[in-house]
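Please open the structure in your viewer and keep the selection tool ready, since this tour moves from one group of residues to the next.

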Amino acid sequence: MLSFKEIRQLEKQKKARDSLGLFVTEGRKLFEEAPRELVREVLVSRRYEQQHPEVREQIPEGADAVFDIEDSRFASVSDTKTPQGILTVVEKPSFSNPEADAFRTAGASSPLYLILENLQDPGNAGTIIRTAEAAGVTAVFITEGSVDLYAPKTIRSTMGSIYRVPHFLTGDAVALIKKMHENGVTSFAAHLRGDRAYTACDFRAPAAIVIGNEGNGITDETADACGVLMKIPMKGRVESLNAAMAAGILMYEAARQRG
């Protein structure tokens with residue numbers, strides 16, 4: 001059983017999350033969607049149990065649970081301003097890395113990958129993971145130095161997709177892209193040097209979409225490594241789009257082409 005202090009460390013420190021292999025979620029939806037075998041501990045406020053008496057029956061077998069926590073006490077361990085009253089400590093999910101199998105994932109005859117390079121905003125990262133599930137992305141790779149996908153704000157933004165979308169940390173986007181090319185996966189990135197509209201690109205074969213840092217985009221080295229540089233046409237005086245918006249546009253164009 002973790003102490004409140006240890007739970008707060010999990011919420012605030014990536015080092016603690018990495019060391020223990022655990023992360024914290026808040027709210028009813030993320031508790032109910034968490035894979036039952038990954039739930040390690042559940043904290044429930046007195047008010048929440050009064051409103052949802054069925055919660056005791058929903059605690060997975062083998063998980064620790066603390067009930068009847070006063071609201072003020074619960075708020076002290078919560079990472080949100082208006083806690084719902086239920087907090088879950090979850091083991092990080094483990095996925096089969098497609099790098100180990102020539103960039104193929106079981107059941108994906110023409111995989112679609114997403115590479116996130118130096119992404120910094122947790123809301124963007126979470127939204128992208130959520131959109132990736134909706135668009136049928138096979139797996140997401142995120143570079144070291146990016147936002148932690150298990151930070152509380154990122155987790156909330158995924159709305160449960162963090163449990164289902166295979167995701168992996170990668171040290172070098174350029175090396176990853178080159179390895180993908182060797183295995184028949186074409187990489188695409190929106191870039192100022194792009195010479196064709198994204199709608200003119202063919203995403204039906206094995207493909208990887210590369211999304212860069214919110215302020216600077218992808219690095220020059222990554223742009224040089226990419227197979228196709230494309231553009232998202234924009235009117236007015238807009239020079240760039242939000243990273244999550246750009247990722248959504250590109251993922252859904254790939255999904256549209258794939259039927």
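Start with the second largest pocket of this predicted model, where the residues of the lining divide into 8 nonpolar, 5 polar and 5 charged. The space in this second largest pocket comes to about 300 Å³. To find its centre, select Ile-142, Asp-148, Tyr-150, Phe-168 and Leu-169, which are the closest to that centre among the 18 residues that line the second largest pocket.

Next, colour the elements α2 (14-20), β6 (139-143) and β7 (167-170), since these are the elements that give two or more residues to the lining of the second largest pocket. Keep β7 highlighted a little longer, for β7 gives the most to this lining, with 3 residues.

Now clear the selection and turn to the largest pocket, in which about 630 Å³ of space lies. Select Ala-190, His-191, Gly-217, Glu-239 and Ser-240, and you will have the residues closest to the centre of the largest pocket, out of the 24 that line it.

Which elements give two or more residues to the lining of the largest pocket? Colour β9 (207-211) and α11 (243-258), and you will see the elements that do so. Of these, α11 deserves a separate selection, as the largest share of the lining of the largest pocket, 3 residues, comes from α11.

As a last step, colour the lining of the largest pocket by residue class, and you should find 12 nonpolar, 9 polar and 3 charged residues there.

Definitions and conventions: Residues are numbered from 1 along each chain as its sequence is written. This is a predicted model: local features need pLDDT of at least 70, side-chain atom pairs count only at pLDDT 80 or more; totals for chains, interfaces and linings use all residues. Side-chain values use heavy atoms; hydrogens and water are left out. On a 1 Å grid over the protein atoms alone, a cavity is a set of points where a 1.4 Å probe fits but cannot get out, and a pocket is an open set with protein on both sides within 12 Å along at least five of seven lines; lining residues have an atom within 4 Å of a point. Grid points are joined across faces, edges and corners, and a volume is the space filled by probe spheres set on the points. Helices (H or I, at least four residues) and strands (E, at least two) are DSSP runs, numbered from the N terminus. Ala, Val, Leu, Ile, Met, Phe, Trp, Tyr, Cys and Pro count as nonpolar, Asp, Glu, Lys and Arg as charged, and the others, Gly among them, as polar.
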